[in-house]
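Biologist: I have the sequence and the model open side by side, and I would love a close look at one part of it. Please pick a helix, follow it outwards to whatever surrounds it, and give me your cut-offs as you go.

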Amino acid sequence: LAIDRETIVKRVLANGELPAWSMVPPGTANFTSSGAGDFSAMPMPQRQAEARRLLAEAGYGPGNPLTFTFMHRIGEANKRAALAIVDMWRTAGVTARIESNEVKIHYANLREKQFDIADAGFSAPPDAEYFIYMLRTDSTEINFGAWSNAEYDRISAEANRERDLTRRGALYSTAEDIAINDTALIPVYVPVNRALVQQWVTGYTPNPGGNHPSRWMDVTR
């Protein structure tokens, strides 16, 4: 609730990134997110107030703030995003201490479950199956938080076997709802590919995977 994704992509990173409200990136074929966990229509003051209410309901407040370490990968963009998120959490009464590490060390800590909250990036072919796989119980290499839900596993396995693409996408969307509603992870932003292409280059077609085989392109000048 307290993370202002629009501010992060437009003012902190400002490189064309998209605010993320779902695990599966927008534009993924045969998949439509239900919008679970999408607070974008709620004004930030209202979101911050709701975050403080939920914290108080859980026993936290000015005399007992929620406190944890937020680990992020080194890199200027990662640092800027982390500082912004910590500041946004502070408005809701959360105290987060920042720790940064080289990427290899960072992911080693994640695989060993040695973290409170940490950032992570994931890239995959533009198919919902790969993103839903992140949180399956048997996804031990990338399910860093060891979140486990039997219904999520069952539905994602059913989707993997489904041949009807519309039905398959609906099953993955249902599985994603379970994870988002349980805050198994917090989507923040979707990175984008940016390219400069001369007008005399033909056959270059933007696509979610950023794949541009040279055999389909030509120089016409």
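Modeller: Happy to. Let me start with how the elements are assigned: helices are DSSP runs of H or I with at least four residues, strands are runs of E with at least two, and both are numbered from the N terminus. This is a predicted model, so to speak of a local feature I need a pLDDT of at least 70, side-chain atom pairs count only at pLDDT 80 or more, and totals for chains, interfaces and linings use all residues. Residues are numbered from 1 along each chain as its sequence is written, and side-chain values use heavy atoms, with hydrogens and water left out.

A brief word on the setting. The protein has 7 helices and 7 strands, which run α-β-α-β-α-β-α-β-α-α-α-β-β-β from the N terminus on. Its C-alpha trace spans about 70 × 40 × 35 Å along the principal axes. Of the 221 residues, 33% are buried; here buried means under 20% relative accessible area, exposed means over 50%, and partly exposed lies in between, with a 1.4 Å probe and protein chains only. Taking contact to mean heavy atoms within 4.5 Å, 65% of the contacts between residues at least 6 apart in sequence join residues at least 24 apart.

My choice for the close look is helix 2, residues 44-57. The expected span of a helix is 1.5 Å times one less than its number of residues. For the 14 residues of helix 2 that gives 20 Å, and the end C-alpha atoms are 20 Å apart, so the two agree. Which residues of helix 2 are buried? They are M44, R47, A51 and L55. Seen down the axis, these buried residues fall within an arc of 75°, so they line one face of helix 2; the arc is taken from the directions between the helix axis and the C-beta atoms. P45 and E57 are exposed on the other side of helix 2. The buried residues of helix 2 pack against helix 1 (5-13), strand 2 (66-73) and strand 3 (94-101). After helix 2 comes G59, with a positive phi near 100°.

From here we can step into one of its neighbours. I8 sits in helix 1 and is buried, with a relative accessible area of 0%. Leaving out residues up to four places away in sequence, I8 touches I3, L13, A14, I85, M88, V188 and Y189. Its C-alpha atom is 17 Å from that of F70, which is 62 residues away along the chain. F70 also turns up beside V86, a residue of helix 3 (residues 76-91): outside its neighbours within four places in sequence, V86 is in contact with F70, A96 and I98. V86 counts as buried, at 6% relative accessibility.

Next comes the space that helix 2 helps to enclose. Rolling a probe the size of a water molecule over the atoms shows where empty space is left. On a 1 Å grid over the protein atoms alone, a pocket is an open set of points with protein on both sides within 12 Å along at least five of seven lines, whereas a cavity is a set where a 1.4 Å probe fits but cannot get out; lining residues have an atom within 4 Å of a point. Grid points are joined across faces, edges and corners, and the volume is the space filled by probe spheres set on them. By that reckoning the second largest pocket holds about 650 Å³. It has 23 lining residues, of which L1, A2, F39, T183 and I186 are the closest to its centre. Helix 2, strand 2 and helix 7 each supply at least two residues of this lining, and helix 2 gives the most, with 3 residues. The lining divides into 19 nonpolar, 3 polar and 1 charged, where Ala, Val, Leu, Ile, Met, Phe, Trp, Tyr, Cys and Pro count as nonpolar, Asp, Glu, Lys and Arg as charged, and the others, Gly among them, as polar.

T183 deserves one more glance. It lies in the loop between helix 7 (165-181) and strand 5 (189-190), and its phi is positive, about 50°, although it is not a glycine. T183 is exposed, with a relative accessible area of 52%. K113, also not a glycine, has a positive phi of about 60°; its loop runs between helix 4 (103-111) and strand 4 (117-118), and K113 is partly exposed at 35%.
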